[in-house]
Amino acid sequence: MSDFDENWALETLAVRAGQVRTAEGEHSEPIFPTSSFVFPSAAEAAARFKGESKGNIYSRFTNPTVRTFEERLAALEGGDSCVATSSGMSAILSTCIALLKAGDHIVSSRSIFGTTVVLFNKYLQPFGVETTFVDLTDLDAWKKAIKPETKLLFLETPSNPLTEVADLKALADLAHENDCLLVVDNCLCTPVLQQPLKLGADIVIHSATKYIDGQGRAIGGAVVGNKELVGETVFGFLRTAGPTLSPFNAWIFLKGLETLSLRMKAHSANALELAQFLEQHKNVNQVHYSGLPSHPQYELASQQQFAGSGVLSFEVKGGKEAAWKLIDSTRLLSITANLGDTKSTITHPATTTHGRLTDEERQQAGISDGLIRVSVGLESIDDIKADIEKGL
Ligand SMILES: *Cc1c(COP(=O)(O)O)cnc(C)c1O
């Protein structure tokens with residue numbers, strides 16, 4: 001274990017937590033590109049394999065660079081344990097496989113990352129795990145969907161791209177009254193803006209690919225929670241099945257964490273300014289951003305979140321044609337579906353991320369033809385606004 005003070009502020013933990021300096025006295029965290037570790041004696045090798053002695057054996061199980069990242073992220077989220085994974089999707093898969101069995105049931109928000117829906121419906125379902133999808137903000141619908149077999153409630157808040165906000169405390173209470181776990185994908189907010197474990201959630205999932213890296217360089221993920229659920233159960237699956245994070249990517253994410261607080265505040269400030277600008281524009285019908293006072297759940301968002309994060313969406317007048325025209329007229333913004341990058345990105349959800357849904361499903365999900373999503377980056381907000389204004 002590294003030496004840090006849990007009373008340190010988040011900004012301090014983000015720079016300092018988890019590091020164990022080697023005998024070389026390096027200042028920056030080292031990368032350990034090694035698959036296995038050497039034991040000082042046969043007796044020590046036997047003790048480590050029996051679990052009687054702590055220490056590294058093999059990098060599918062533990063690696064010092066990965067462990068530094070895990071301890072740092074756990075400290076930021078306020079969890080006892082964190083396991084890093086090869087991607088955000090493998091974090092969700094590992095959590096489900098480790099904690100569920102055939103016959104179990106998931107209740108999930110409908111407004112989650114599209115690939116997570118595919119994972120639940122196409123890949124968990126054949127193993128006997130059923131999922132019921134409900135409206136993120138409809139507490140009654142969550143209540144009604146829970147069955148005796150329900151083990152897990154799953155959500156993202158704010159949702160992407162419509163930024164609906166879930167009441168985390170209420171859903172944590174509902175989960176616990178029914179002997180279920182609340183799992184929150186905290187990718188959009190990161191622990192800088194929202195700490196679901198402190199509001200009662202049991203497990204936090206991350207796609208580190210997004211804001212934790214923050215610069216669009218590497219794929220990775222993490223699961224954070226208590227020792228029993230995450231440190232033992234999820235870790236047990238990971239060391240056996242092997243979707244572990246590489247030490248190189250762990251090092252990139254460590255460096256990302258050091259500036260996470262500064263970046264999340266800057267992304268949020270830029271996004272708020274863009275949202276306010278769009279809200280005033282005559283060719284925009286509606287803006288979805290949880291940091292806007294006009295957001296229907298502004299009060300709840302303000303209690304749960306430190307700021308609105310960098311993702312917003314808006315509906316232009318003129319449907320798909322007007323939306324595509326705006327997207328094609330941008331020069332600064334990148335037309336790509338990724339988010340959480342220093343570079344601003346722009347997407348047309350109806351024909352990309354939500355393109356596989358039927359017209360009816362899309363309508364139910366609130367994804368109109370004129371809807372545009374922007375992940376607001378760290379370029380000058382004046383340049384971002386000017387680039388979007390041209391197409392309006
Ligand atoms: C991108 C994303 C994921 C998946 O993460 P990968 O690192 O791409 O596997 C999961 N959840 C959310 C909310 C995401 O945005």
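Here are some worked exercises on a predicted model of a protein with a ligand.

**Exercise 1. The ligand and its neighbours**

Task: Find which residues are around the ligand, and sort them into nonpolar, polar and charged.

Solution:
- Step 1. Start by looking for residues with a heavy atom within 4 Å of the ligand.
- Step 2. Your list should read Ser87, Gly88, Met89, Phe113, Glu156, Asp185, Cys187, Ser207, Thr209, Lys210 and Gly220.
- Step 3. Now sort this shell: 3 of its residues are nonpolar, 5 are polar and 3 are charged. If your polar count came out short, remember that Gly is counted as polar here.

**Exercise 2. Polar contacts and burial**

Task: Which atoms of Gly88, Asp185 and Thr209 lie close enough to the ligand to count as polar contacts?

Solution:
- Step 1. The cut-off to keep in mind is a pair of N or O atoms within 3.5 Å.
- Step 2. Try Gly88: one of its backbone N or O atoms is 2.9 Å from an oxygen atom of the ligand.
- Step 3. Move on to Asp185, where a polar atom of the side chain lies 2.6 Å from a nitrogen atom of the ligand.
- Step 4. Finish with Thr209, which has a side-chain N or O atom 2.6 Å from an oxygen atom of the ligand.
- Step 5. To see how covered the ligand is, begin with the 380 Å² that it exposes when taken alone. The protein buries 91% of that area.

**Exercise 3. The pocket that holds the ligand**

Task: Work out which pocket the ligand takes up, and describe the lining of that pocket.

Solution:
- Step 1. The ligand occupies the second largest pocket, which has about 1100 Å³ of space.
- Step 2. Count the lining and you reach 49 residues; nearest the centre of the pocket are Ile112, Phe113, Gly114, Thr115 and Val117. Phe113 should look familiar, as it is also one of the residues around the ligand.
- Step 3. Ask which elements give at least two residues each to this lining: they are helix H4 (88-99), helix H5 (114-124), strand S6 (203-207) and helix H14 (359-364). H5 gives the most, with 6 residues.
- Step 4. By type, the lining has 20 nonpolar, 20 polar and 9 charged residues.

**Exercise 4. A cavity**

Task: How many cavities of 30 Å³ or more does the whole structure have, and what lines the largest cavity?

Solution:
- Step 1. The search finds 1 such cavity. The largest cavity holds about 70 Å³ of space.
- Step 2. Its lining includes Ser59, Phe61, Asn63, Val83, Phe235 and Leu245.
- Step 3. Helix H3 (64-77), strand S1 (81-85) and helix H9 (227-241) are the elements that give two or more residues to this lining.
- Step 4. Sorted by type, the lining residues are 7 nonpolar, 4 polar and 1 charged.

**Exercise 5. Unusual backbone angles**

Task: Where do Pro158, Pro161 and Thr163 lie, and what is special about their backbone?

Solution:
- Step 1. Recall the usual pattern: most peptide bonds are trans, and most residues other than glycine have a negative phi.
- Step 2. The bond joining Thr157 and Pro158 is cis, with omega about -5°.
- Step 3. Another cis bond runs from Asn160 to Pro161, with omega near 10°.
- Step 4. Thr163 is not a glycine, yet its phi is positive, about 55°.
- Step 5. Now place them: the loop between strand S4 (150-156) and helix H7 (168-177) holds Pro158, Pro161 and Thr163.

Definitions and conventions:
Residues numbered from 1 in each chain as written. Predicted model: local features only at pLDDT ≥ 70, side-chain atom pairs only at ≥ 80, totals over all residues. Heavy atoms only, no water. Polar contact = N/O pair within 3.5 Å; in protein donor to acceptor, adjacent residues only side chain to side chain. Areas by Shrake-Rupley, 256 points an atom, 1.4 Å probe, with all protein chains shown as cover. 1 Å grid on protein atoms, 1.4 Å probe; cavity = no way out; pocket = protein on both sides within 12 Å on 5 of 7 lines; lining within 4 Å. Sits in = over half its atoms within 2 Å of the grid points. Points joined across faces, edges and corners; volume = space filled by probe spheres on them. Helix = DSSP H or I, 4+ residues; strand = E, 2+ residues; numbered from the N terminus.
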